Amino acid sequence: MLKPLPRLMSDEAAEHFLETANLAEYDLSTLKRVHFEFAPKVKQVNMRMAEDLLTAVKVRAKANGIPYQRFIRQALEEALARPRADERPAPAE
């Protein structure tokens, strides 16, 4: 049986854990992807949306453990990272 990950309360504790632990012994299934934002946020956008859409966004953001505005920003980044239909290469024959 795999061990649960310990709760690490500092960067130093995390560094020590990673240097000494065999990660194959731990249950990593509970890990979540983390997106670090390094670029400064210098522009502001205001938009109107239906109340039920905003509620759904907030619910999904909370489930992901992030603020809803960051969730919206990530959704936009992901949408822009996908190629558009007119940018996709033609299928090989």
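Surface patches are taken here as groups of residues with over 30% relative accessible area and no salt bridge, in which like charges are joined within 9 Å. In the predicted model, a negative patch of this kind is formed on the surface by Asp11, Glu12, Glu15 and Glu19. Of these residues, Glu15 lies in helix α1, which covers residues 11-20.

The mean pLDDT of the protein chain is 89, with 95% of its residues reaching 70 or more. Among the elements of the chain, the highest mean pLDDT, 96, belongs to helix α2 (residues 51-64), whereas the lowest, 92, belongs to helix α3 (residues 68-81). The geometry of α2 was also compared with expectation: because each residue should contribute 1.5 Å, the 14 residues of this helix should span 20 Å, and the end C-alpha atoms are indeed 20 Å apart, in agreement with that value. Just after α2, Gly65 adopts a positive phi of about 75°.

With a salt bridge counted where a side-chain nitrogen of Lys or Arg comes within 4 Å of a carboxyl oxygen of Asp or Glu, the count comes to one. This salt bridge is formed between Lys3 and Glu25, whose closest N and O atoms are 3.0 Å apart. The pair links distant parts of the chain, since Lys3 is placed in the segment before α1 and Glu25 in the loop between α1 and α2, the two residues being 22 residues apart.

Conventions: Residues are numbered from 1 along each chain as its sequence is written. This is a predicted model: local features need pLDDT of at least 70, side-chain atom pairs count only at pLDDT 80 or more; totals for chains, interfaces and linings use all residues. Side-chain values use heavy atoms; hydrogens and water are left out. Patches are made of residues with over 30% relative accessible area and no salt bridge: like charges are joined within 9 Å, nonpolar side chains (Val, Leu, Ile, Met, Phe, Trp, Tyr) within 5 Å. Accessible areas come from the Shrake-Rupley method with a 1.4 Å probe; for residues, only the protein chains shown count as cover. Lys and Arg count as positive and Asp and Glu as negative; His and the chain ends are not counted. The place of a charge is taken as NZ of Lys, CZ of Arg, CG of Asp or CD of Glu. Helices (H or I, at least four residues) and strands (E, at least two) are DSSP runs, numbered from the N terminus. pLDDT is the predictor's confidence in each residue, from 0 to 100. The expected span of a helix is 1.5 Å times one less than its number of residues.
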